[in-house]
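Q: Hi! I have a structure open and would like to walk through its pockets and aromatic rings. Can you help?
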Amino acid sequence: MDTEGARTDRLGLLLDQFDKAREMAQVRLTGLGDEEYLWEPVPGCWSLRRRGEAATPRAFGPGEWVLDLGAADIPASEYAEVARQAVGGMTLAKIADDWSVSVERVEQILAHTGEPEPDVTPITTIAWRLGHLHYQFAGGWEWTFGERLQDPKLMVDFSPSAALTLERFWPVIDRWRESVGAVTEEQLDTVGFSQYPYGSDPDDPFISVLSGGNLEFIHHMAEIALLRDLWRARFTTGG
């Protein structure tokens with residue numbers, strides 16, 4: 001591996017990681033068409049749908065097309081995160097507000113973190129995953145470097161066009177990267193430097209927010225890459 005010029009400072013490591021992930025993601029998304037973008041590999045997927053055809057009770061978006069979102073709950077895969085928030089000093093009321101569930105539901109999860117329920121997180125389409133990243137990074141910038149006024153879930157006018165989506169998506173990602181590149185060491189350690197309203201950002205040092213944002217970008221892009229592979233192989237039969 002060529003490490004010449006690699007940064008070893010805290011911010012530099014996170015920026016290099018993000019830059020490499022962004023480069024790989026753009027290559028993997030080349031040639032994405034509308035049919036593949038909206039492809040549902042199994043019944044019951046979460047996706048992007050016309051407002052009147054939304055399949056979930058909390059689908060959101062400012063325009064004709066909305067992103068599926070189910071009834072408020074915390075998936076089993078996030079139980080450890082709930083426990084971390086509680087150990088970190090967040091009140092049950094704040095945790096419940098972050099996840100849009102009742103305090104009683106948080107208490108149930110904390111009482112049974114050693115016995116996780118089966119994870120019923122739905123399979124989602126490429127359109128859903130790109131939309132999810134799009135509004136999170138748009139909102140992340142607004143609530144860190146912007147005016148901290150707009151609801152992230154209303155900032156992105158979702159589109160059924162893969163080309164238009166990507167045309168709008170990359171500038172949002174690049175604006176985030178440019179602003180993060182100017183963050184100071186003091187700001188990295190500042191709790192609440194990001195006030196993003198969905199999640200624990202206001203209670204975390206910004207370096208933790210950056211690390212989490214990188215992981216979010218990487219894991220969703222990896223899932224999109226897998227869906228692209230499955231799309232290409234969907235009519236292949238093995239012997």
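A: Happy to! Keep in mind that this is a predicted model. Let's start with the second largest pocket, which holds about 190 Å³ of space.

Q: Cool, which helices each supply at least two residues of its lining?
A: Those are helix 1 (10-28) and helix 9 (206-232). Helix 1 gives the largest share, six residues. The lining includes Gln 17, Met 24 and Arg 28, as well as Phe 217 and Met 221.

Q: And how many of the lining residues are nonpolar, polar or charged?
A: Eight are nonpolar, one is polar and two are charged.

Q: New topic: how many aromatic pairs are there?
A: The count comes to 15 aromatic pairs. In one of them, the rings of Phe 60 and Phe 158 have planes at 70 degrees and centres 6.1 Å apart, so the pair is edge-to-face.

Q: Where in the chain do Phe 60 and Phe 158 sit?
A: Phe 60 is in the loop between strand 1 (48-50) and strand 2 (65-67), while Phe 158 is in the loop between helix 6 (126-142) and helix 7 (162-180). The two are 98 residues apart, so this pair links distant parts of the chain.

Q: Are they buried or exposed?
A: Both Phe 60 and Phe 158 are buried. Another edge-to-face pair is Trp 176 with Phe 206, at 6.3 Å centre to centre and 65 degrees between the planes.

Q: What does that pair tie together?
A: Trp 176 lies in helix 7 and Phe 206 in helix 9, so the pair ties together parts 30 residues apart in sequence.

Q: Last one: which charged end sits over the ring of Trp 231?
A: That of Arg 234, 3.5 Å from the ring's centre.

Notes:
Residues are numbered from 1 along each chain as its sequence is written. This is a predicted model: local features need pLDDT of at least 70, side-chain atom pairs count only at pLDDT 80 or more; totals for chains, interfaces and linings use all residues. Side-chain values use heavy atoms; hydrogens and water are left out. On a 1 Å grid over the protein atoms alone, a cavity is a set of points where a 1.4 Å probe fits but cannot get out, and a pocket is an open set with protein on both sides within 12 Å along at least five of seven lines; lining residues have an atom within 4 Å of a point. Grid points are joined across faces, edges and corners, and a volume is the space filled by probe spheres set on the points. Helices (H or I, at least four residues) and strands (E, at least two) are DSSP runs, numbered from the N terminus. Ala, Val, Leu, Ile, Met, Phe, Trp, Tyr, Cys and Pro count as nonpolar, Asp, Glu, Lys and Arg as charged, and the others, Gly among them, as polar. Rings of Phe, Tyr and Trp (its six-membered ring) pair if their centres lie within 6.5 Å; planes under 30 degrees apart count as stacked, over 60 as edge-to-face and the rest as tilted. Buried means under 20% relative accessible area, exposed over 50%, partly exposed in between (1.4 Å probe, protein chains only). A charge sits over a ring if NZ of Lys or CZ of Arg is within 6 Å of the ring centre and within 35 degrees of the ring normal.
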